[in-house]
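Here is a walk through one protein structure, taken a piece at a time. Keep the model open beside the text and find each residue as it comes up.

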Amino acid sequence: MTATGDPFLRAVEARGLTLPGPLADFHSGAAARSFSGECSITRGRGALIGLLLRLGGFPPAGEGVAIHLELRTGSAGQTQWRRNFGGHETVSSLRFDARRRAVVERFGPFRITMVPETEDQGLDLAISRIAVLGLPLPRWIAPKSSTRESVYAAGRIRFDVSASLPFLGMLIRYQGWLVPE
């Protein structure tokens, strides 16, 4: 098992799973990696959803948005993801949670625990826990997420990330592709 490096790869390995070649390369855990591509972003509607997205630092809606992703893995095994969506930066930090064999992502006041599964040559991530300002949310009110990474056309990494809230509907969905720089 990888002792340090990318939290997603560590969680996948801890669960006895494997990633297809290009996804394993994407999550290689190298100290610094950069990717670029294009995506579309759809945001939910309403003042509360807008506030939550602003607190999380999520980008505005758009089609054909240029995306630049920079991954920096520190010596303590924490990785910073810097996403630049057409000039809007969203930054989060991720770490491997050995006890849960999961990934914990922190952005703004939110801390999300994600459990990996591999299927059909892709990586699926399900939210198992979420906390706001350190306080865990009950499952009935916590956001639901569908996140998938897969290999697409000549080694491109395809991503599809969406989140919704019970009673309020869609928070955000961004989907697109990335290639190494």
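Start with helix 3, which spans residues 47-56. Four of its residues are buried: I49, G50, L53 and G56. Look down the helix axis and these buried residues fall within an arc of 130°, so they line one face of the helix. The face turned away from that buried side carries A47 and R54, both exposed. The model is a predicted one, so keep that in mind throughout.

Stay with G50 for a moment. This residue of helix 3 has a relative accessible area of 12%. Buried means under 20%, so G50 qualifies. G50 and P60 are ten residues apart in sequence, and their C-alpha atoms are 9.8 Å apart in space. Just after helix 3 comes G57, with a positive phi of about 75°.

Now turn to helix 1, residues 7-14. How many of its eight residues are buried? Seven are, so helix 1 is largely enclosed by the rest of the structure. The buried ones are P7, F8, L9, R10, A11, V12 and A14. What covers them? The cover includes strand 3 (79-85), strand 4 (88-97) and strand 5 (102-107). It also includes strand 6 (110-119) and strand 7.

Strand 6 also holds E119. Its relative accessibility is 48%, so E119 counts as partly exposed; the exposed class begins over 50%. Leaving out residues up to four places away in sequence, E119 touches D124 and R148. E119 and T18 are 101 residues apart along the chain, yet 9.7 Å separates their C-alpha atoms.

Follow the chain on to the loop between strand 7 (122-132) and strand 8. L133 sits in this loop. Its phi is near 50°, a positive value in a residue other than glycine. Is L133 buried or exposed? With a relative accessible area of 70%, L133 is exposed.

The loop between strand 8 (135-136) and strand 9 (144-152) holds P143. P143 is buried, at 14% relative accessible area. Which residues does P143 contact, leaving aside neighbours within four places in sequence? They are I127, I130, L137, S164, L165 and L171. R129 is 14 residues from P143 in sequence, and the two C-alpha atoms lie 9.3 Å apart.

Next comes strand 9, where S150 is found. S150 is buried too, with a relative accessible area of 14%. Its contacts, not counting residues up to four places away in sequence, are L23, Q121, G122, R156, I157 and R158.

One of those contacts, I157, leads to a pair of strands. The bridge partner of I157 in strand 11 is L178. Strand 10 covers residues 156-165 and strand 11 covers residues 169-180. The two run antiparallel, joined by nine bridges. They form a hairpin, with three residues between them.

F167 lies in the loop of that hairpin, between strand 10 and strand 11. Its phi is near 75°, a positive value in a residue other than glycine. At 73% relative accessibility, F167 counts as exposed. L133 is likewise exposed, and it also has a positive phi.

A general point helps when tracing strands. In a regular strand the side chains alternate between the two faces of the sheet.

Finish with the largest pocket. Its volume is about 720 Å³. Of the 37 residues that line it, which are the closest to its centre? They are F58, F107, I112, V161 and Y174. Which element gives the most to the lining? Strand 10 does, with six residues. The lining divides into 29 nonpolar residues, five polar and three charged.

Now go back over the route. Helix 3 has its buried residues along one face. Helix 1 is largely enclosed. Strand 10 pairs with strand 11 in a hairpin, and strand 10 also gives the most to the pocket lining.

Note on methods:
Residues numbered from 1 in each chain as written. Predicted model: local features only at pLDDT ≥ 70, side-chain atom pairs only at ≥ 80, totals over all residues. Heavy atoms only, no water. Buried < 20%, exposed > 50% of the residue type's maximum accessible area, 1.4 Å probe, protein only. Arc of directions from axis to C-beta. Pairing = 2+ DSSP bridges. 1 Å grid on protein atoms, 1.4 Å probe; cavity = no way out; pocket = protein on both sides within 12 Å on 5 of 7 lines; lining within 4 Å. Points joined across faces, edges and corners; volume = space filled by probe spheres on them. Nonpolar A, V, L, I, M, F, W, Y, C, P; charged D, E, K, R; others polar. Contact = heavy atoms within 4.5 Å.
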